[in-house]
Amino acid sequence: MSSIGSREIRGRLEGGCIRLYVGGGEEMKVLADKSFETRRSSKARVFLGPSFISIGYRSAWGENKTQTKIFAVDVPLKRFESLLQGSGTSKAAQVILQWDPYRTLGGKSTKDKFTQKHPDKSIRTLQIGLRESSFVGLVKGEGVTMQDVTPVVVEVGKFAHLGEFEKAIALLPKEEVYDGLNEAVGRKIRLSKFDTAKEGRKDLRVKNTSYPDAGEDEEALVLYKKENRFYMARVLSTSKRHFPRVRFEGYNTATGVPNAEVVPIKSVLSLAQNSRKEGRISEKSAVYALSPTDGKWYYGTIAECKTSGYLVAFPGFGSVLCAEVVKEEDIFELVTLRKASKSKNNSTSDRKLRKVDSSKLTGADGDAKGDGLREGLDKKKEGGANFYLSLEKDTKIADMFSPILSLYTLAVPARYGGGYPMGEILCVLYGKRENIEFQIPDFIASSVASTCFKNPQNSKFGYEFAFIISDVAGVLKTGPNKRGKGGGGGLNLVHHAWVYPKIMPGQRRQKQIWIGAFNLRDKEFSGRLKPAPTNSKGDRDVRVEGLAPHRISVHGDKRNRNVMCCSPNNAKIYLDEKAPVTAFWSVSVDPDEEHPRVLCQLHWIFHGLSRDKGENGLLYGLIQKSSTIKQILAALEDNKGPVGKILGGMAPVKALNFVFRYGHTGPSVT
């Protein structure tokens, strides 16, 4: 095992193909016949991977109700490489990639399905997520075959469950490293052999100080994270407290970008000079080259090294002879080193956390819930630019996404119709009060108890809490409350995945829950959540300052029962069009007699922030730069001047502080 690279493609290679495994339910039988028709407008993904043990773990060796069938998909290597080349990182991408922990057989835990993670946690295995339409296109492609391997998976699981690992291992397919990817694809998916950013080179580390930050009105190569690629941009402003604001070439709007990801052109030229001196440029190298046509830097691949320069193949533009080129990995390495340097310099920034006093954040010493809150405040977010964090052990926000309904298992602000578009969700924070002693406003607790639990025996319930920041400006292009298709404007608080987290395709479910919304107790925010317009149907709208029953229904589409529909068009809220931000509390109660559930959420909905003024850039930067709840609380407090101006007051921040017992917040601000 010690020879395994931290990120490499290891799978069954035979006949010029690589085998990928995929699990599913009974509908996978139809898929195997290649007569499956994709769901219309579906956002669900199908995940495949080359590791046999990984699919065994994910499917619980065929016992998972959603993955009772396991199929092996043999994909030609050329088709596999083009699949990786077309991957992206945005939510809209047809193909996404992720590196999951590498697992082996062993252990006695039923929770880990008799597998265990490699002792070196950096060892990963590849997972590929495809939209259903892309998956159907893959399995229908030339040279692709698909076969049912469920019996083998089940047999391995039985031996593992009995502790007879030698018999289980004997049934495993032979898996070997695929080492045939070209450098450009390998760099894109961060294969270990091409990703030298972590290891670094001594010459670059020594010279790191010679690559200064970009100045105002200076041209630079700036990392565009959605594509994981650098583009030309001009630096508009710099600040010690905030991200630099840059404007990408060909765009009119500005955005905030971390300083380390802004590489001045003078630094790019220095890197190019070093690459040339060291003779590090070779054919098929992924590079950024200075175009002699317009004097701009573009991404390309070395087609040929000549004595007069480098013949660079630019995507979509053919090959051009260029004098200045720099290896892509050198720029990424420099960015990594600069991030590490800035992180080290910022390690003394306890000043920003000076107001986070543990005595103010927890209950009595030794209290388990207080300890849970203290640990939760220091828990690192789950990766990526935006802030996603579950305070529950062994649970991630990614696990709270229902692939069947394409919704988070919370009350998510979205617009009815077209798959419930949610806009961009910048922050999702979740925890249960039984484990974390956060605070709930008294007026919400009393409203829940008096309205929904008349029977004292049912009043014993535990609160769930979520904090959600969403930018719905793109969803509400014509204004938050304009009328449109589907019975009116506004937004919906979509509860279907919260009520039915384990719904399966074709099932029909319906029940009644209680939903309500409450404005913040602050004069500036008391009217941000508007009452329903006069032309609206009252039974569809969320009651403001109280709770009311709403029907939550899920069912299969009439034309395709595997396509799940969420109805009716209810739980609607209406925002103040004159304000750029609406902050409020929402409460959802599922008064089940056995297990009552209460979800209390604090919402910040951005729907009118100015991109030209950099308002969204400042708030995005504060959220994305923070790694823990502590850091978010401190950053908001330290920037309360500009933050309060953008939000229209500090009441949203005070409400968040109240939940986590941060500083002094009286009942009037919650």
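A residue is counted as buried when its relative accessible area is under 20%. By this criterion, nine of the eleven residues of strand E32 (residues 546-556) are buried in the predicted model, so the strand is largely enclosed by the rest of the structure. Strand E32 has pairing partners in E29 and E33. With strand E29 (residues 509-519), the pairing is antiparallel and extends over nine bridges; within it, Arg-509 stands opposite Val-554 of E32. With strand E33 (residues 564-567), E32 again pairs in the antiparallel sense, here over four bridges, and Ser-553 is found opposite Ser-567 of E33.

Burial also characterises helix H16 (residues 629-638), which is mostly covered, eight of its ten residues being buried. Among the buried residues of H16 are Ile-629, Ile-632, Leu-633 and Leu-636, together with Ala-634 and Ala-635. The buried set further includes Glu-637 and Asp-638.

An open sheet of five strands, paired in the antiparallel sense, is formed in the order E20-E19-E18-E17-E21. Strand E20 (318-322) and strand E21 (325-327) occupy its edges; each has a single partner strand, and therefore one side of each is left without a neighbour in the sheet. From one strand to the next, the twist averages 45 degrees. Within this sheet, strand E18 (residues 297-306) and strand E19 (residues 309-314) are joined by five bridges in an antiparallel pairing, in which Cys-305 stands opposite Tyr-310 of E19. Helix H9 (residues 265-278) lies across E18, E19 and E21, and its direction is at about 80 degrees to E21.

A further open sheet consists of three strands in the order E4-E9-E6, likewise with antiparallel pairing. The edge positions are held by strand E4 (45-48) and strand E6 (95-101); because each has a single partner strand, one side of each is left without a neighbour in the sheet. The twist in this sheet averages 30 degrees from one strand to the next. Strand E6 pairs with strand E9 (residues 124-131) over seven bridges in the antiparallel sense, and Val-95 stands opposite Leu-130 of E9.

Two helices accompany the three-stranded sheet. Helix H3 (residues 77-85) lies across E6 and E9 and runs at about 80 degrees to E9. Helix H4 (residues 132-139) packs on the sheet through contacts with E4 and E9, its direction making about 100 degrees with that of E9.

Note on methods: Residues are numbered from 1 along each chain as its sequence is written. This is a predicted model: local features need pLDDT of at least 70, side-chain atom pairs count only at pLDDT 80 or more; totals for chains, interfaces and linings use all residues. Side-chain values use heavy atoms; hydrogens and water are left out. Two strands pair if DSSP finds at least two bridges between them. Axes are lines fitted to C-alpha atoms, for helices over the stretch in contact, and angles run from 0 to 180 degrees between N-to-C directions. Contact means heavy atoms within 4.5 Å. Buried means under 20% relative accessible area, exposed over 50%, partly exposed in between (1.4 Å probe, protein chains only).
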